[in-house]
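Colleague: I have a new model to go through, and I would like to learn how its features get their labels. Could you take my questions one at a time?

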Amino acid sequence: MSASAVHGLWTDLAAPAAEPIARIQAPTIEYAQLSPVLIVIGAAVLGILVEAFVPRRGRYHAQLFVSGVALAAGFAAVVALAVSGYATTGAGVAAEGAVAVDGPALFLQGVILLVGLVALFTFAERRLDPATHGNPVDSFAAQAASVPGSDSEKAAVKAGFTTTEVFPLLLFAVGGMMVFPAANDLLTLFIALEVFSLPLYLLCALARRKRLLSQEAAVKYFLLGAFASAFTLFGIALLYGYAGSVNYGRIAQVVEGTVQEVSPALAGTMGNDVLLLIGAALVTMGLLFKVGAVPFHMWTPDVYQGAPTPVTGFMASATKVAAFGALLRLLYVVLPGLRWDWRPVMWAVAAVTMVIGAIVAITQTDIKRLLAYSSIAHAGFILAGVIATRPEGISSVLFYLAAYSFVTVGAFAVVTLVRDAGGEATHLSKWAGLGRRSPLVAAVFAVFLLAFAGIPLTSGFAGKFAVFKAAAEGGAAPLVVVGVLSSAVAAFFYIRVIVLMFFSEPKPEGPTVAVPSPLTTTAIAVGAAVTVVLGVAPQYFLDLANSAGVFVR
Amino acid sequence: MSFPLLTATAVLPALGAVATAAVPAARRTAAKWLALLVSLATLVLAVVVAVRFEPGGARYQLTETYEWIPAFGVRWELGVDGIGVALMLLTALLIPFIVLAGWHDADPLETRSKRWRPTQGFFALILMVEAMVILSFEATDVFLFYIFFEAMLIPMYFLIGGFGDRAHQGGEEAAATQRSYAAVKFLLYNLAGGLIMLAAVIGLYVAAGSFSLPDIVAARASGELEMGANTERLLFLGFFFAFAVKAPLWPLHTWLPNAMGEATAPVAVLITAVVDKVGTFAMLRFCLGLFPEASKWATPVVLVLALISIVYGALLAVGQRDIKRLVAYASISHFGFIILGIFVMTSQGQSGATLYMVNHGISTAALMLVAGFLISRRGSRLIADYGGVQKVAPVLAGTFLIGGLATLSLPGLAPFVSEFLVLVGAFARYPVVGIIATFGIVLAALYTLVLYQRTMTGPVKPELVKLPDLRVRELAVVAPLIALLIFLGVYPKPLTDLVNPAVRHTMSDVQEHDPEPEVEAAK
């Protein structure tokens with residue numbers, strides 16, 4: 001038997017040092033192009049150091065300062081990149097093809113940073129609850145590790161502990177969310193998913209009041225989220241098996257058949273359409289879980305209700321932005337060759353999501369659950385834009401996400417204000433007559449509700465019109481009809497809340513509206529201002545979304 | 001660039017609304033005067049528009065075009081034809097009377113909170129509705145029209161739900177429940193209609209590539225723009241549904257009696273005399289203009305629905321025990337006539353329909369506002385609670401009678417002209433339809449005269465002995481309206497001159513000609 005018949009693995013060993021060992025090339029990292037993410041993650045790490053070394057008294061202010069500066073600086077970096085052309089002509093991939101720096105990525109990163117900044121204000125609010133033992137308290141547990149109702153919890157409250165860890169957690173989540181829609185290979189996608197999910201699981205568990213509910217929500221979110229992550233990871237593995245690469249562009253080429261060469265290690269699986277279909281379905285499922293589309297929506301109401309309201313607001317807006325960004329990139333960059341397969345499925349998902357979200361919301365009696373179902377219905381509307389598979393689809397979804405996220409974060413900020421002895425009064429019956437007691441707060445909330453309902457002259461209408469128009473132009477007219485019908489159903493429960501606030505008699509034992517610090521006031525004002533501006537004069541932002549609407553591959 | 005007159009006519013009440021809302025809580029009366037002055041100033045502007053408008057000139061005049069949201073293809077494109085001018089004038093004319101009639105309707109019963117300012121809100125909302133209604137009469141961009149068509153629901157909703165009729169049988173609690181039910185029903189019906197229209201608006205853009213009404217009409221006329229028959233029909237249905245809810249047409253009418261019954265009388269007038277006119281106006285302008293073929297295709301069904309509205313509304317009006325609901329059902333009957341006039345596709349019918357919109361606005365305002373004054377005196381809406389009012393309050397009873405006679409289209413009063421024209425137009429093309437519609441007039445005489453007989457004649461009810469007659473403010477509301485009814489009844493020429501050229505344009509849109517008179521054949 002000659003040497004050539006020996007298995008290749010051995011022949012390599014048998015012929016040593018024929019050529020010098022190639023030096024491992026250090027990967028080239030485009031730090032400038034990644035700077036928004038790096039700033040935020042760096043600040044998160046700095047936040048942890050603050051937690052370790054700064055005395056307890058100074059932590060709150062130090063953390064607030066670090067986070068605020070980081071988010072603002074991150075946004076400035078995004079703007080700088082966009083201005084220097086990375087959003088349009090200079091778009092490209094960075095970090096060895098792991099991260100895309102293009103219009104959609106920068107647009108969504110900007111939105112996430114701004115939403116994160118607004119959410120930061122609601123996180124930092126310390127005037128809503130009366131001070132306990134002379135210490136101002138925020139929405140978060142005094143000490144997360146202490147068992148609810150135990151002596152150690154009481155001691156922690158008495159000592160005036162606050163969980164300032166929420167600020168670095170917020171920053172980590174924002175960092176992950178920024179990478180998520182920019183991820184240009186499947187592994188980066190997965191890591192970003194985990195980086196922003198894990199802090200969110202933790203944040204959900206940190207409510208100061210109703211701690212058991214909060215912890216239950218966190219466990220549910222974690223378990224279901226872990227399932228979704230596992231599905232995603234399994235899908236990634238299958239896609240790798242199919243394409244021999246985790247890089248988006250490479251997979252797309254294999255799907256389209258422009259690359260024929262077969263990696264020897266994957267000779268048995270490469271090009272197997274079964275792997276492609278199952279893999280794509282599993283990864284898409286993981287993303288649909290994150291956006292809260294039916295039938296992967298079950299976690300949404302419980303988690304939205306149980307989580308501390310500032311976290312809910314942040315989660316509801318920013319997670320949706322990040323996840324839809326990732327979904328868009330996946331469907332438009334990786335799987336455009338497969339659109340005849342995924343479009344019918346997404347049609348069905350979008351239709352069912354709109355209808356179920358709108359119908360189930362009618363029966364809700366808790367404002368946070370109601371907003372949760374409303375967010376499901378909105379996920380359906382956005383999906384209608386996603387399936388348009390044309391440039392207008394991308395830009396309309398980008399615009400919708402920007403509009404929706406500010407409405408959401410503002411609406412949840414208002415929810416934090418309405419309180420009774422047990423903390424936030426989220427049961428709808430307690431909101432009766434709010435319009436008579438605090439006309440201004442009720443009016444602002446009404447504006448948010450009208451925006452959710454898509455009434456003209458609010459951002460919700462402009463967004464809805466944009467996605468429906470894109471969908472209709474993309475040939476999905478029936479979906480538009482389903483969309484407007486479920487909007488009509490959805491309008492009913494938004495209006496019901498307005499009726500409660502303005503036309504019902506206030507109850508004598510009803511909740512009061514807490515007077516917030518400038519932080520929450522700013523958050524609500526920004527939300528309301530964006531809602532009105534995007535409704536009345538959306539042109540600039542539509543242009544922005546339009547020019548940002550091209551994915552790099 | 002000339003002064004943007006049309007924009008100003010709408011911006012003025014909108015700014016007035018903001019200013020009225022900003023009046024401090026204690027200065028309630030100042031807010032009322034401000035609202036009245038703004039509405040009068042708007043009337044002046046509307047009159048200027050009417051004077052500047054040349055009936056024989058171009059189809060859309062005083063046009064203004066600004067870019068608004070180019071990404072959606074939406075322009076701030078305004079322009080009026082004769083029909084638009086007539087209805088704008090009606091709106092601007094009625095609002096001061098509505099403000100004046102509702103002078104005390106929103107006075108707070110008790111001060112619940114220092115920041116609770118219902119009076120300011122009430123008048124601000126009325127002005128807001130005025131601004132949006134005027135804009136929807138002026139918009140020649142379909143999307144722009146849609147925005148205000150839909151957005152006006154919100155202030156209207158607060159007017160119905162927030163400021164109900166205090167004369168309620170079931171007490172404060174029941175009144176609040178009924179009121180919010182009526183407000184929600186109003187909003188949901190109209191919102192559902194509007195959202196279906198939104199789908200059609202998007203569809204129109206996909207099919208036509210533009211929102212501009214003149215552009216689309218021109219492109220269709222020149223054959224540049226082909227629209228498949230099915231597409232056109234579906235889009236027509238989407239538009240028509242929204243307008244039929246708003247107008248309202250049987251069987252989509254059920255929100256109107258609730259809304260008019262629970263709202264205060266001035267707000268009820270605002271609904272039926274002003275806001276609902278946008279629905280019939282839009283049928284004429286958008287349904288016929290954009291979808292002529294589909295309009296002809298749908299004509300038989302629409303005519304049947306209109307006939308049902310006429311007879312059904314009148315029959316139910318006969319059976320009402322509640323004065324305001326009676327007027328509401330009478331209005332449904334009248335809207336049937338208007339829609340009939342639009343869809344018989346004759347120039348008399350459409351001129352009649354337009355005149356009908358104006359005259360119905362004035363006559364219903366007169367009747368309903370007097371009824372409101374009566375109800376506020378007695379604190380009851382039930383017909384059975386009244387009797388012999390003409391002996392104690394002759395002026396009130398007299399004006400009520402004239403309003404009622406106008407409603408039943410007595411010759412010499414304005415609505416007669418329009419009803420006559422509609423019927424002539426109907427007979428010319430569909431004699432059977434004309435005959436059935438005539439029953440509506442007979443029933444109108446029945447419900448109006450029975451209402452008058454039961455409330456105003458007969459022995460004076462003991463509770464009514466001290467009923468005061470109309471006050472100066474109330475006379476100031478009613479007298480001009482009645483004068484106008486008589487004037488337009490005797491001399492409708494200014495109005496017909498304004499409307500006829502516009503109707504000729506609409507007729508040419510649908511490529512219909514009046515049928516030749518068949519006198520020769522009969523000989």
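Colleague: What makes β4, β3 and β5 of chain A an open sheet, and which strands stand at its edges?

Modeller: Bear in mind that this is a predicted model. The three strands of chain A are ordered β4-β3-β5, with antiparallel pairing. The edges are β4 (423-424) and β5 (512-513) of chain A; each has a single partner strand, so one side of each has no neighbour in the sheet.

Colleague: How do you know that β3(A) and β4(A) pair?

Modeller: Pairing needs at least two bridges. Strand β3 (residues 418-420) of chain A is joined to β4(A) by two bridges, so the pair meets the requirement. In this antiparallel arrangement, Asp420(A) faces Gly423(A) of β4(A).

Colleague: Let's turn to chain B. Why is Pro24(B) called exposed?

Modeller: A residue counts as exposed if 12 or fewer other C-beta atoms lie within 10 Å of its own. Pro24(B) has 10, so the label fits. You will find Pro24(B) in the loop that links α1 (5-21) and α2 (28-52) of chain B. Its C-alpha atom is 8.4 Å from that of Gln120(B), although the two are 96 residues apart along the chain.

Colleague: What makes Leu369(B) stand out in the largest nonpolar core?

Modeller: Leu369(B) is listed with Ile126(B) and Leu340(B) as having the most contacts inside this core of 433 residues. Helix α7 (residues 171-208) of chain B gives the most to the core, with 20 residues. Leaving out residues up to four places away in sequence, Leu369(B) touches several others, including Phe97(B), Ala101(B), Val269(B) and Val478(B).

Colleague: How do you know that α10(B) and α13(B) meet, and what is the handedness of their crossing?

Modeller: The axes of α10 (residues 255-262) and α13 (residues 323-343) of chain B come within 8 Å and cross at roughly 140°. The crossing is right-handed. Among the residues making the contact are Leu256(B) and Met260(B) of α10(B), and Val327(B) and Ile332(B) of α13(B). By class, the contact has seven nonpolar, two polar and two charged residues.

Colleague: Finally, which helix gives the most to the side of chain A that touches chain B?

Modeller: That is α19(A), with twelve residues. The contact as a whole takes 30 residues from chain A and 32 residues from chain B. On the side of chain A, the residues divide into 21 nonpolar, three polar and six charged.

Definitions and conventions. Residues numbered from 1 in each chain as written. Chains lettered and ligands numbered in written order. Predicted model: local features only at pLDDT ≥ 70, side-chain atom pairs only at ≥ 80, totals over all residues. Helix = DSSP H or I, 4+ residues; strand = E, 2+ residues; numbered from the N terminus. Buried ≥ 20, exposed ≤ 12 C-beta atoms within 10 Å, placed from the backbone. Core = buried A, V, L, I, M, F, W, Y, C linked by C-beta atoms within 7 Å. Contact = placed C-beta atoms within 7 Å. Axes fitted to C-alpha atoms, helices over the stretch in contact; angles between N-to-C directions. Left-handed = near helix turned anticlockwise from the far one by under 90°. Nonpolar A, V, L, I, M, F, W, Y, C, P; charged D, E, K, R; others polar.
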